[in-house]
Amino acid sequence: MVVLAKPAALEQISLLRTPEPWETMSGVPAVDLSGPGAADHVVRACERFGFFSVVNHGVPAGVVDRLEAEAVRFFASPQADKDASGPADPFGYGSKRIGRNGDMGWLEYLLLAIDRDALSKASPAPSSSALREAINEYVVAMRGLARTVLEMVAEGLGVSPRGALADMVTGEDAASDQVFRLNHYPPCPLPLPPSCSVTGFGEHTDPQLVSILRSNGAAGLQVALHDDDGRWVSVPPNRNAFFVNVGDSLQVLTNGRLKSVRHRVVAGSGSGSGLKSRVSMIYFGGPPLAQRIAPLPQLLHGSSPLYREFTWGEYKKAAYRSRLADNRLAPFEEPPVAAAAHHHHQHHHQHWS
Ligand SMILES: C=C1C[C@]23C[C@@]1(O)CC[C@H]2[C@@]12CC[C@H](O)[C@@](C)(C(=O)O1)[C@H]2[C@@H]3C(=O)O
Ligand SMILES: O=C(O)CCC(=O)C(=O)O
Ligand SMILES: [Fe+2]
């Protein structure tokens with residue numbers, strides 16, 4: 001076997017096996033939110049994959065195109081200008097480093113905090129007012145889409161009121177914790193060993209309730225299937241669709257009925273091969289820091305909660321201490337208890353802790 005040395009620039013970035021062309025998720029459920037039975041389709045897709053695409057979403061193409069153009073312009077601007085809004089900690093411009101605990105990927109990004117329906121002062125604002133305005137306009141559309149999706153989840157699961165989940169993220173009275181991210185994955189020009197791709201964004205689940213992702217036509221996103229031993233499949237890019245990810249918090253709220261999806265991005269390779277850069281924009285819908293996250297009693301139907309209650313603030317703090325690939329929910333799982341002993345156990349558990 002010939003083992004090629006990894007180029008120094010990639011030293012801390014993991015290589016992944018390049019998926020074979022047939023390892024593609026051609027069957028990503030596509031939900032028409034205005035179609036009949038949409039709520040049931042949403043729930044079904046969230047149960048099976050924790051992942052689906054939304055078509056006929058009503059978000060004007062102009063809103064998306066404007067942001068894509070401004071994002072491309074930002075990432076093409078001189079390095080010194082980009083560095084002026086960095087380094088990301090966690091907000092701002094970042095390159096290769098993801099989070100604080102040593103994760104690295106072949107990408108650059110802008111990570112920004114959102115207050116209600118616009119960029120927050122908590123993150124360094126990009127200097128371009130055109131970019132800021134494009135983000136604000138786009139975020140309003142994403143809040144609307146997140147609201148619709150979460151209302152359909154509630155409806156499909158029979159949770160009332162219909163706004164119970166949506167209000168955690170887009171409710172008017174509480175300041176929810178929303179984050180927005182622009183990612184740019186340039187093709188990796190360095191020679192790679194055969195059948196290897198470079199990690200763009202390492203595997204992880206998103207901690208919030210839902211994330212809504214949109215990318216240009218460049219491939220790279222992969223999801224792990226819930227059944228089939230977590231096999232990785234490539235998601236065909238669709239610049240006209242939005243992809244919805246179930247996050248860890250929605251998994252807990254539904255007591256594991258909906259499961260968050262593990263996903264990752266591989267960067268393209270070979271600069272001369274005509275490969276496009278991937279540009280993605282992701283809205284992360286989190287609740288207010290004080291929001292209590294626990295399985296909704298309406299969904300327990302007499303079975304015991306699989307997770308103990310925590311606040312979003314606690315979960316977020318723990319997430320920021322973890323590595324990307326960690327199972328962040330594991331510390332919050334309730335130990336399996338025999339059905340009969342359960343009530344007794346619960347009582348004491350709460351008493352002692
Ligand atoms: C390594 C990390 C980056 C991350 C915070 C964390 O410590 C673990 C979760 C990561 C993640 C994944 C989804 C989103 O992209 C993100 C903004 C989030 O909320 O959790 C990132 C965090 C980040 O990039 O700061
Ligand atoms: O850039 C992408 O396409 C996905 C990135 C991602 O999963 C994230 O930022 O959490
Ligand atoms: Fe993600």
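In this predicted model, ligand 1 is surrounded by 17 residues. Those that come nearest are Arg 181, Gln 208, Ala 319, Tyr 320 and Ser 322. Three polar contacts illustrate how the protein meets the oxygen atoms of this ligand. Arg 181 places a polar side-chain atom 2.9 Å from an oxygen atom of ligand 1. Ala 319 uses its backbone instead: an N or O atom lies 2.8 Å from an oxygen atom of ligand 1. Ser 322 also contributes a backbone N or O atom, at 3.1 Å from a ligand 1 oxygen. Taken alone, ligand 1 exposes 470 Å², and the protein buries 98% of that area.

Ligand 1 sits in the largest cavity. Three elements give two or more residues to its shell: strands β5 (103-115) and β8 (196-204), and helix α7 (312-320). By residue class, the shell around ligand 1 holds eight nonpolar, five polar and four charged residues.

The metal site comes next. The iron ion (ligand 3) is coordinated by His 204 through NE2, Asp 206 through OD and His 263 through NE2. The distances run from 2.1 to 2.3 Å. Along the chain, the donors follow the spacing H-x1-D-x56-H. His 204 belongs to strand β8, whereas His 263 belongs to strand β13 (residues 263-267). The two histidines therefore tie together parts that are 59 residues apart in sequence.

Ligand 2 is surrounded by 13 residues. The closest are Asn 183, Tyr 185, His 263, Arg 278 and Ser 280. His 263 is thus found in this group and among the donors of the iron ion. Asp 206, another iron donor, has a polar side-chain atom 3.4 Å from an oxygen atom of ligand 2. Two further side chains make polar contacts with ligand 2. For Asn 183, a side-chain N or O atom is 2.9 Å from a ligand 2 oxygen. For Tyr 185, the corresponding distance is 2.6 Å. Ligand 2 exposes 290 Å² when taken alone, of which the protein buries 98%.

Ligand 2, too, sits in the largest cavity. The elements that give two or more residues to its shell are β7 (178-185), β8, β13 and β14 (278-285). Strand β14 supplies the largest share, with four residues. The shell around ligand 2 divides into six nonpolar, four polar and three charged residues. Strand β8 appears in the element list for ligand 1 and in that for ligand 2, and it also carries the iron donor His 204.

Technical notes: Residues numbered from 1 in each chain as written. Chains lettered and ligands numbered in written order. Predicted model: local features only at pLDDT ≥ 70, side-chain atom pairs only at ≥ 80, totals over all residues. Heavy atoms only, no water. Near = heavy atom within 4 Å. Polar contact = N/O pair within 3.5 Å; in protein donor to acceptor, adjacent residues only side chain to side chain. Areas by Shrake-Rupley, 256 points an atom, 1.4 Å probe, with all protein chains shown as cover. 1 Å grid on protein atoms, 1.4 Å probe; cavity = no way out; pocket = protein on both sides within 12 Å on 5 of 7 lines; lining within 4 Å. Sits in = over half its atoms within 2 Å of the grid points. Nonpolar A, V, L, I, M, F, W, Y, C, P; charged D, E, K, R; others polar. Donors = N, O, S within 2.8 Å, 3.2 Å for Na, K, Ca; no water.
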